Amino acid sequence: MDLGLKDKPVVVTGGSSGIGLATARLLLEEGAQVAICARGAERLDKVAADFADTFGVDRVFAQAVDVLQEEQINGFAKAVEDRFGGAVALINNAGQGRVSTFADTTDEAWRQELELKYFSQIRPIRAFQEMLAASGSGAIVATNSLLALQPEPHMVCTSSARAGIQNLLKSLARELAPDIRVNSILVGLIDSNQWQRRFEARDDKNQTREAWYADLAKNKNIPMGRLGKPEEAARLLAFLASPAASFITGAQVEISGGISRFI
C-alpha cells in the first residue's frame, strides 16, 4: 500500500536503534525525507551514513540530541525546518523501561522515570507542533508500552509513567485536532538491544540466542510464540503517521503478539 509519504519530511526520535531505526528505514523506503535524532553521536552518524549511501544524502538528516534538553530539541527542530522546510509527522520513540518494585524505587528514580517518559514526548511535540500544524495534515505517533494499560508490579514506576503518557496523548488528540492527529502504539515484547543485553547476561552461557528467546516467549505466555520484530512495530508507526490513516486520531493500537489480557 502506498502510504502517501513520498517526498514528505518525517521526524523520528530515538532513530539510531531498535524500533526507531526500523521506522526510519521503512519511511525512506516509502520515499519520505527522514530526520532522525538520538543521544549517541557515533552510532547516529553511522546510521545516517548508511542511509545516505542507500537512499541519497538529500533525503536524510541526523543530529545528536537529548530530547529532554529543551535547547537541543528546539535546535534540532530549527535544523529540520532549514533542511526540509518543515515536517508532516513526528514519531516519538525515545525511552526504555525501568525494572523496579514500589519498595525499591527511590524518590530520585521516580523523578527520573517520570521526567524521561513525559518530557521525551512533551519537548519534541512542543518543538515541532507549529510545523506539523502548518503542513495541513500533521501527525504525531508515540511508541508507548502495553504497560500503560496492563501494569506489572516489577515495573511499577515505568507502568505508572506509561499510563500517564497515554492519558496525555488522548488529551492532545482532542486539543490539537483537526490540524494534527495524535496516536500511539502499545508494544509488548519487541526484540531490541535491551533484550539482547539480557541474553548476553544469561546464566547459562551455552544456551543459544534462539533457545533463550524461545524460552522467554514461552515464560511470558506470548500466544504468537515469539517476540515481535522492530520492523513489525515500524510498519504500524509509519501507517499511523501517514495520510493512509487520515481519519484516525486518539487511538492506541496494540502490537504485542496477543499477550494482553484486557478487552
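The exercises below, each with a worked solution, concern a predicted model.

**Exercise 1. The largest nonpolar core**

Task: Find which residues have the most contacts inside the largest nonpolar core, and which helices and strands supply at least two residues of this core.

Solution: Start with the core itself, which has 37 residues. Val10, Leu27, Val34, Ile36, Phe51, Ile91 and Ile185 have the most contacts inside it. Next, go through the elements. Among the strands, S1 (9–13), S2 (33–38), S4 (89–92), S5 (138–145) and S6 (180–187) each supply at least two residues. Helices H1 (18–29), H2 (41–55) and H8 (230–241) do so as well. Helix H8 gives the most, with seven residues. Another core, of 29 residues, lies apart from this one, and Phe61, Phe84, Ile140 and Val182 are among its members.

**Exercise 2. The surroundings of Ile185**

Task: List the residues in contact with Ile185, leaving aside neighbours within four places in sequence.

Solution: Work upward in residue number. Ile185 is in contact with Ala142, Thr143, Asn144 and Ser145. Further along the chain, Ile185 also contacts Ala233, Leu236, Leu237 and Leu240, and then Val253 and Ile255.

**Exercise 3. Ser16**

Task: Decide whether Ser16 is buried or exposed, and state which residues it touches.

Solution: First locate Ser16, which sits in the loop between S1 and H1. Its relative accessibility is 8%. The cut-off for buried is under 20%, so Ser16 counts as buried. Not counting residues up to four places away in sequence, Ser16 touches Leu21, Ala38, Arg43, Leu44 and Val47.

**Exercise 4. Helices H3 and H4**

Task: Describe how H3 (residues 70–84) and H4 (residues 107–134) cross.

Solution: The two axes come within 9 Å and cross at roughly 30°. Angles under 35 degrees count as roughly parallel, and H3 and H4 are therefore roughly parallel to each other. The crossing is right-handed. On the H3 side, Glu70, Ile73, Asn74, Phe76, Ala77, Val80 and Glu81 take part; they meet Arg123, Pro124, Ala127, Phe128 and Met131 in H4. By class, this contact has eight nonpolar, one polar and three charged residues.

**Exercise 5. Helices H6 and H7**

Task: Do the same for H6 (residues 193–200) and H7 (residues 209–219).

Solution: Here the axes come within 11 Å and cross at roughly 110°. This angle makes H6 roughly perpendicular to H7. Their crossing is right-handed. Trp195, Gln196, Arg198 and Phe199 in H6 meet Arg209, Trp212, Tyr213 and Leu216 in H7. The contact divides into five nonpolar, one polar and two charged residues.

Technical notes:
Residues numbered from 1 in each chain as written. Predicted model: local features only at pLDDT ≥ 70, side-chain atom pairs only at ≥ 80, totals over all residues. Heavy atoms only, no water. Core = buried A, V, L, I, M, F, W, Y, C linked by side-chain atoms within 4.5 Å. Buried < 20%, exposed > 50% of the residue type's maximum accessible area, 1.4 Å probe, protein only. Helix = DSSP H or I, 4+ residues; strand = E, 2+ residues; numbered from the N terminus. Contact = heavy atoms within 4.5 Å. Axes fitted to C-alpha atoms, helices over the stretch in contact; angles between N-to-C directions. Parallel < 35°, antiparallel > 145°, perpendicular 65-115°, else oblique. Left-handed = near helix turned anticlockwise from the far one by under 90°. Nonpolar A, V, L, I, M, F, W, Y, C, P; charged D, E, K, R; others polar.
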